[in-house]
Amino acid sequence: MASPHPLKSLLQSQLASDASSVLHVSFVLSTLTEDSLSPSPHLQKWTSRVTSLLHSKDAGARWAGMCIAYRTSSLSKSTMLECAQSWAGLAMSILTRSEPLPMLKASVRYLRHVLSAATDVPEFQRQLATPTVPKFSQALVFIVENVAEYELKALAIDTLKDMVLLYPSLLRALSSSITDMCHRILNGSAPQRTNTLLLQSAASLYAALHYTGGKVGAANLWKKSVDETLQCLWAALMGLRTTFPVVNSPLPSSRPSVDDPVLAVSLNLDRLQCSIAALCSLLRTTVQRPVQVPAGRIMGFCLSLLACTADEETEVHIDATVRALELAIVPELQSSACDLLCCLAKTTQHRLTPYISRLVVMITYHLEQNPPPEQRCRLLKCIQTLLSNSFPPNTELSSTRLVKAIMRSLTPLLSTQPEGNSTEPNSGPSKKSRKRRRDYEGDDVFRLSKAVICSSPAEEEVILCALDALQVTMQGAELQPAVRSLACRVLLSLSLSLPAMSRSSLSQDIHLHSLVHAKLSEMCLEFARGTTSVMGRSLGLVLKSTMTEGNEHTMKTKHNMLQEVDLLLHPRGPPLVRPLPHVEALSLFRAEESNEELTARTSLSLTTTYDANVMDVEADPIMMTPSLPEPTPQSVPVHLTMPTPRTTAPAPPIVLASRQQTSSITAAPTKNSADAPPAISIQQLADSPPSASRKTTPVTVKPTLIPVAVDDEEEEPMPTIDTESDSDG
């Protein structure tokens, strides 16, 4: 027996009554397919049943009917064209009445789909779209201004945007009312800020209103909107810097619109953020004809935002409460500047190159102030976007400072010393306290909570953003060889030490470990391609660090590793003729570290095991000072006729200590040397009479350490032996 038609089963079971339709509406919507709505004897019954649900007195049944009508129109265009005349009229009547929110949302979605899916049918446009679009848009404006539910407001604004883009000529008469509605939303609110979902929808609609001007007037409307938004931005900024020196604002200073300082600061800050969202939408929108972007004016405003710091002072009398409120919002001003700069860089791209050097210096300064993780993440994203969409700065100093500031965000990953093994100075607790501590050293094994490096989602994002920013900065910027070598060493150390670190010790999110390791492997392989790079000397270590298990990002790195190795070993281009390697190829290990690289590493608080040993030597240099062994006595014959060769004591090994080194010659004589007889000079033996020399054949000379001051300017020559004075004649 053949199975019944899907529509017949739904009509007989789920849609048999209004109550069952509301109860089983989710099952009906998931069961409907394009094949089930193909022409059949049951299709006419189906449309009739949907129409009867829309005419029902029960609000739930009308909502179920509108949902089924929307699903039917989405799956079958022919059915939509056939039933749109009656169903659209019922949906419009629902929007003009006071209906529940689910009913209003379903009606808006249905009319939005019907009016946007049949733009290629002229007869449908003439009969339905032309008379319905103005009424539908006016009903949407009424919903936005009178309904308090944010999701319905955002849905109505997004639908209005689609209507403006599809039917700009039909909405030209309503453009002024739609613009006023957008201005009221983008003007900000206090003390509660504007809803984020509503703000993004209103900004997108405001950026699309220039289409109502046609091909000729659209460019002028867009330019007018940009100018008005910039004026609103400057006015909001001036309202937020009343207790600071006046910036180069094109607008005259005015009194605040609200007397309460708390409400004034909150309103101006929300107005500033709303205007930035509107300006970003205007920059991202499309214009039918070429327009001139006021990049200089926008960049001047961004520079003014980045220049806002808490250190500025004014000589006039200020209110302490207003001053404290304006100081508290300085980080938000810098974050807003970063958002606007990212949008401007993506839209104008390389046209922003003349301002890159100044922007890099200002962002580097803010990174060097050790900002909170949220603000640091915004700054890192901004610098990564700026350098990705424009040419790198042409100054080596600014790029070097930027790399050092970015590496400060990665140094927490190199901290490998556990908490329990921290060294204590000698002047710490007593011997009894140290013994008691050793008795309980095993308690850290039973410790349930362990400190993680990234304790918040913002710190996790800072690590990823720092890696992206460092990769972009080192690709094209001119860096000092010492800083480039140091950056490569840091990346290599991270790539080798990260696999030995547990996932839980890095972050509570175990996926962060795989993401960071995959990014480090990618960067190390990228920097190892060059034959003169410091990473090329550690290619084996880099490849070994990639042979670990992980998520899809790590597996993708493994999959492309063979191609990377083949490219490294067998380059497709001719070999480069370089007689000598560059400086950065010579500094990978500590023994090859230059003074400049040592200074840069010390400024970043990066230390090695050797540095720890040096600190121990500085703490107690006397214990490490070497002493010369006492020489053994030798028998020197008197009848020596050949000159004695000049001998020097071996130099002691060099010890890095803060105390001035002294020579062993100038050291105080020991006890053995004090008891020894005076030394016999070789010249005295030569001047003695021959009879005295014949009486004693061997003379034993015991060398001693004589305190002699070393003159650095001039050394006296060693006396020589006169062989002619010692004769038997």
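**Close-up views of salt bridges and helix contacts**

Under a distance rule that takes a salt bridge to be a side-chain nitrogen of Lys or Arg within 4 Å of a carboxyl oxygen of Asp or Glu, the count comes to 15 salt bridges. The model shown in every view is a predicted one.

**View 1. The salt bridge between Asp-227 and Arg-297 links helix H12 with helix H14.** The closest N and O atoms of Asp-227 and Arg-297 are 3.1 Å apart. Asp-227 lies in H12, which spans residues 214-240, and Arg-297 lies in H14, which spans residues 295-306, so that the pair, 70 residues apart, links distant parts of the chain. Asp-227 is partly exposed, with a relative accessible area of 22%, and Arg-297 is likewise partly exposed, with a value of 45%.

**View 2. Glu-461 of helix H21 forms a salt bridge with Lys-381 of helix H18.** Here the closest N and O atoms are 2.5 Å apart. The partners are 80 residues apart and link distant parts of the chain, Glu-461 being in H21 (residues 457-476) and Lys-381 in H18 (residues 373-388). With a relative accessibility of 34%, Glu-461 counts as partly exposed, and Lys-381, at 35%, also counts as partly exposed.

**View 3. The salt bridge of Lys-519 with Asp-468 links helix H24 with helix H21.** The closest N and O atoms of this pair are 3.1 Å apart. Lys-519 is in H24 (residues 511-527) and Asp-468 is in H21, and with their positions 51 residues apart in the numbering they link distant parts of the chain. Lys-519 counts as buried because its relative accessibility of 16% falls under the 20% limit, whereas Asp-468, at 28%, counts as partly exposed. Elsewhere, salt bridges that share partners join Arg-62, Arg-97 and Glu-99 into one network.

**View 4. Helices H12 and H13 cross at roughly 155°.** The axes of H12 and H13 (residues 261-284) come within 9 Å, and because angles over 145 degrees count as roughly antiparallel, H12 is described as roughly antiparallel to H13. H12 passes H13 in a left-handed crossing. On the H12 side the contact is made by residues including Trp-222, Val-226, Leu-230, Leu-233 and Leu-240, while the H13 side contributes, among them, Val-265, Leu-269, Leu-272, Ile-276 and Leu-282. By class, the residues of this contact divide into 14 nonpolar, 5 polar and 1 charged.

**View 5. Helices H14 and H17 pack at an angle of about 20°.** The axes of H14 and H17 (residues 356-368) are 11 Å apart, and because angles under 35 degrees count as roughly parallel, H14 is described as roughly parallel to H17. The crossing of H14 and H17 is left-handed. Met-299, Leu-303 and Leu-306 of H14 make the contact with Arg-358, Leu-359, Met-362, Ile-363 and His-366 of H17. The contact of H14 with H17 has 6 nonpolar, 1 polar and 1 charged residues.

**View 6. The protein chain as the setting for the close-ups, with 32 helices and 2 strands.** Of the 729 residues of the protein chain, 39% count as buried. Among contacts between residues at least 6 apart in sequence, 77% join residues at least 24 apart.

Terms used: Residues numbered from 1 in each chain as written. Heavy atoms only, no water. Helix = DSSP H or I, 4+ residues; strand = E, 2+ residues; numbered from the N terminus. Buried < 20%, exposed > 50% of the residue type's maximum accessible area, 1.4 Å probe, protein only. Axes fitted to C-alpha atoms, helices over the stretch in contact; angles between N-to-C directions. Parallel < 35°, antiparallel > 145°, perpendicular 65-115°, else oblique. Left-handed = near helix turned anticlockwise from the far one by under 90°. Contact = heavy atoms within 4.5 Å. Nonpolar A, V, L, I, M, F, W, Y, C, P; charged D, E, K, R; others polar.
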